[in-house]
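Biologist: I should like to go through this structure with you step by step. May I put my questions in turn?

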Amino acid sequence: QVQLVESGGGLVQPGGSLRLSCVASGSILSINDMGWYRQAPGKERELVAFITSADRRNYEDSVKGRFTISRDNVKNTVYLQMNSLKPEDTAVYYCNVEIFIRGNSGYRMYWGQGTQVTVSS
């Protein structure tokens with residue numbers, strides 16, 4: 001199986017920045033789409049941003065202009081640079097990656113464990 005290890009979460013003041021990382025490891029043949037989701041208290045999990053294998057990016061409206069998703073295909077890593085953070089960004093952030101593992105028949109979705117991001121004065 002694949003492991004996704006997240007890092008970079010924490011407590012930050014409004015207007016501050018954080019950079020989340022998610023590193024995939026395992027017998028990986030190929031990686032397709034990579035994305036970040038978040039879930040705030042009392043809300044459904046929502047897609048924040050994703051990036052395709054062709055580096056096509058998409059963002060949830062509330063984070064456009066503030067967040068940037070990127071990937072490193074050599075390191076099997078997806079990043080989320082978060083700037084101008086707002087209290088409304090407070091949530092648990094999860095990475096999600098489509099991975100083709102050696103021995104499998106195709107791509108499957110894998111989730112990171114989640115990392116807490118808290119934006120507060």
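Biologist: In which loop does D55 lie?

Modeller: Please keep in mind that this is a predicted model. Strand β5 covers residues 46-51 and strand β6 covers residues 57-59. D55 lies in the loop between β5 and β6.

Biologist: Is D55 buried, partly exposed or exposed?

Modeller: A residue is buried under 20% relative accessible area and exposed over 50%, with partly exposed in between. D55 has a relative accessibility of 39%, so D55 counts as partly exposed.

Biologist: What is the phi of D55?

Modeller: Most residues other than glycine have a negative phi. D55 is a residue other than glycine, yet its phi is positive. The value is near 70 degrees.

Biologist: How many helices and how many strands does the chain have?

Modeller: Read along the sequence, the chain follows the pattern β-β-β-β-β-β-β-β-β-β-β. The secondary structure therefore comes to zero helices and eleven strands.

Biologist: What radius of gyration does the chain have, and what would a compact globule have?

Modeller: The C-alpha atoms fill a box of roughly 50 × 25 × 25 Å along the principal axes. With 121 residues, a compact globule would have a radius of gyration near 14 Å. The value for the chain agrees with this, at 14 Å.

Biologist: Among contacts between residues at least 6 apart in sequence, what share joins residues at least 24 apart?

Modeller: A contact means heavy atoms within 4.5 Å. Among the contacts between residues at least 6 apart in sequence, the share that joins residues at least 24 apart is 55%.

Biologist: Which residues form the covered face of strand β7?

Modeller: Strand β7 spans residues 67-72 and has two faces. T68, S70 and D72 belong to the uncovered face. The covered face holds F67, I69 and R71.

Biologist: Which residue in β8 stands opposite F67?

Modeller: β7 pairs with strand β8, residues 77-82, in the antiparallel sense over six bridges. The two strands form a hairpin with four residues between them. In this pairing, F67 of β7 stands opposite a residue of β8, namely M82.

Biologist: Which residue in the turn of this hairpin has a positive phi?

Modeller: The turn lies between β7 and β8. The positive phi is about 55 degrees, and the residue is N76.

Biologist: Is D89 buried or exposed?

Modeller: D89 is found in the loop between β8 and β9. Leaving aside residues up to four places away in sequence, D89 touches R38, V63, R66, F67, S84, V117 and V119. Its relative accessible area is 1%, and the limit for a buried residue is under 20%, so D89 is buried.

Biologist: What is the relative accessible area of S84?

Modeller: S84 has its place in the loop between β8 and β9. S84 is not a glycine, although its phi is positive at about 50 degrees. S84 counts as partly exposed because its relative accessible area lies between the limits of 20% and 50%, at 40%.

Biologist: What distance separates the C-alpha atoms of Q1 and S25?

Modeller: Q1 is in the segment before β1 and counts as exposed, at 81% relative accessibility. Beyond residues up to four places away in sequence, Q1 touches S25, G26 and I101. Q1 and S25 are 24 residues apart along the chain, and their C-alpha atoms are separated by 8.7 Å.

Key. Residues numbered from 1 in each chain as written. Predicted model: local features only at pLDDT ≥ 70, side-chain atom pairs only at ≥ 80, totals over all residues. Heavy atoms only, no water. Rg over C-alpha atoms; globule rule 2.2 N^0.38 Å. Buried < 20%, exposed > 50% of the residue type's maximum accessible area, 1.4 Å probe, protein only. Pairing = 2+ DSSP bridges.
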